[in-house]
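Trainee: I am new to this structure and would like to learn how its labels are earned. Could we go through it together?
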Amino acid sequence: MSRSQRIARDVFTSLLANKQRAFLMMLGVAAGVAVLTAVIAIGQGTRERVMELVQVHNLDMIMVRAGGEVQIFAPQADRGLAALTEPDARAIEAEISDIGKVSVVQAQRGINLVYQDRSAATRVFGVDSGFSEIRYRPVSQGEFITDADVVSMARVAVLGDKVAKALFPEGDAVGKVIRVENDPYTVKGVFREIGQTANGEEDQDDRLVIPFSTSSRRLLNRPYLEQIIINVPDLDNIPEVAERIRTLLKSRHAIGAGEADDFFVREPDDVVDAAMQTPATLFALMAAVSIVALIAGGLVIMNLMLIAIAQRSKEIGLRRALGARASDISRQFLLESVFIALAGGVVGVVLGLAAAMGLDAAGLAVSRITWLPIAVGFLACMAVGIVFGVQPARKAAHIDPATTLRGRAA
Amino acid sequence: MIEAINISKSYRRGNVVTDVLKGVSFRVRKGEFVAIMGPSGSGKSTLLNVLGLLDSPDGGSYLLDGVDYSETDDETRSAARSRLIGFVFQQFHLLDRATALRNVTLPLLYAEVSRDGTARAERALEAVGLTHRKHYLPSELSGGEQQRVAIARALINDPPLILADEATGNLDATSGAEVLDIFRNLVRGGRTVVLITHDKNVADHADRILGFSDGRIAGNDLGMRGRDTSTRTAAPGP
């Protein structure tokens, strides 16, 4: 065994021989780590729940619809619907900051599809490559439309689940060539089944998605759009981004003050926004509390160590006399505080995860146990052990063996 | 074994500088049993610290086993302490919560070579007649037994020099005599023993007494006499 290993083992044996002291020193760290671990586990759970809500309700998307506000419940009406164009979308992409992907959407109902002896009528969407990500509509088979497909006006299509089942009951749609209004289109992919929308008004599995260039120039032969959809990664920016889009489009469409818009910028429902804000504040607070608790735990260790060092100055002197270097003494005390903090970390992580799972089971919080809270808990306790162990260790190393060994009062 | 040449050491407290060692010179040969005797406050502690390589002298040279340690760093001095010196203290300085066996193995932690602790410690305890007490805590042992554990601890690294600082000061007459007998046996076995004491009765057990007062060795300049048997007729331990 190397010298360091021998010293580490000796520290361990000493701690076991002084369980009560070690236990008291451990408690502070355990409490801090427990709170921190629980907060992170609950934070993770809540974050996932929120992400789920964001995806299901597409809360991170702004939608620009053609036609003024009055027409939003009558999107099929002709009036004003030719106002929104692809250059509007490209201008938004180029000029508005804080946005993610942008996709145009051209939509038309009553498109006829044929594959061999099967046929279906559905709604077609002409879109950009970002559509799938912006709308959280992943494919379950094959792949989605790419930029190259858009550039080349490719006759490719991604089928809604219901359409795919109607034309390909065997589930082998990808790679097959179907007829869309009599033109041949290769099936690139099939969307994962979605089911009804929240309000049940439209079957989202009943659709056909093709590149925008193909729809505007080959299939529908019109330049104007039904929608532009814009991803906004940071939900907090949505109102501001929406306002900037309004300003940009008013200017592009030369709409003067007091005149009615020929477009409508729809922001996501702010329902979940509030649901997210509350826990965010709470977590910030709890994280702060746990950090304060950790620091307090560290200070407890440090002070108990400093007291112990004063009490154990003779032991330190003795060890020096027996051949310990100053650095061996400093290592001994640093290891002692790290061991104690680690023990506190183990207890704290277990308690914290148990608390998080308990709150989850009781329905008071959503928690998710991943490596993150465990890793953070251990890193935090290591940091506490080292940060608050250094000063006592240094102090112990500087104790003069000469003065401690020869206590005159016997 | 020991060669001290004009060693000086002073301490500064605030603006007051106290000269504790004022030019200490003496020699101790290998295999000698020497007592350094002086009253309290004469600077014995400071001298012990220098002799035990726990502190460096401000001036002069200190040679141990032919090597000058006057101006060496902590690591060199720590290694030399581990290899060359076994300490025995007035207050035993055993770890309260460790058994006799673990106390005896403690110096092995800091030894340069890794050794099989338990077997060595058992042999060392046997040498001081405490095999039957190896699993006892210090609080379960008598003072004399505790000091014998401490001696076993001093011997575990097999050092040529034993430095005993008032080693019998906390013991009754019988235990004190036992401890001094052990030292005598160690000298017979070829080790060098230096006793530091204020007690003439204890010092008389040594082969030679170096009088120490006011920061200087008095009465025996360089101590090159042989074994002085006349001092051994004195009364047994305190």
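Mentor: Gladly! Keep in mind that this is a predicted model. Let's start with Ala152(B): beyond residues up to four places away in sequence, Ala152(B) touches Val104(B), Ala124(B), Leu125(B), Ala127(B), Val128(B) and Leu130(B).

Trainee: What makes these count as touching?

Mentor: Two residues are in contact if their C-beta atoms, placed from the backbone, lie within 7 Å. Ala152(B) is also, with Val194(B) and Leu195(B), among the residues with the most contacts inside the largest nonpolar core, which has 119 residues. Helix α2 (residues 19-57) of chain A gives the most to this core, with 14 residues. Another core, of 54 residues, lies apart from it and includes Val64(A) and Ala89(A).

Trainee: Why does Arg320(A) count as buried or exposed?

Mentor: The cut-off for buried is 20 or more other C-beta atoms within 10 Å. Arg320(A) has 29 C-beta neighbours inside 10 Å, so Arg320(A) counts as buried. This residue sits in helix α10 (residues 313-321) of chain A. Setting aside neighbours within four places in sequence, the contacts of Arg320(A) are Ile329(A), Pro401(A) and Leu54(B).

Trainee: How do you know the relative direction of α11(A) and α12(A)?

Mentor: The axes of helix α11 (residues 326-361) of chain A and helix α12 (residues 371-397) of chain A cross at roughly 155 degrees and come within 7 Å. Angles over 145 degrees count as roughly antiparallel, and α11(A) and α12(A) are therefore roughly antiparallel to each other. Their contact has 23 nonpolar, 10 polar and 1 charged residues.

Methods: Residues are numbered from 1 along each chain as its sequence is written. Chains are lettered from A and ligands numbered from 1 in the order in which they are written. This is a predicted model: local features need pLDDT of at least 70, side-chain atom pairs count only at pLDDT 80 or more; totals for chains, interfaces and linings use all residues. Axes are lines fitted to C-alpha atoms, for helices over the stretch in contact, and angles run from 0 to 180 degrees between N-to-C directions. Helices (H or I, at least four residues) and strands (E, at least two) are DSSP runs, numbered from the N terminus. Angles under 35 degrees count as roughly parallel, over 145 as roughly antiparallel, 65 to 115 as roughly perpendicular and the rest as oblique. Ala, Val, Leu, Ile, Met, Phe, Trp, Tyr, Cys and Pro count as nonpolar, Asp, Glu, Lys and Arg as charged, and the others, Gly among them, as polar. A nonpolar core is a set of buried Ala, Val, Leu, Ile, Met, Phe, Trp, Tyr and Cys residues joined through C-beta atoms within 7 Å. A residue is buried if 20 or more other C-beta atoms lie within 10 Å of its own, exposed if 12 or fewer, and partly exposed in between; C-beta atoms are placed from the backbone.
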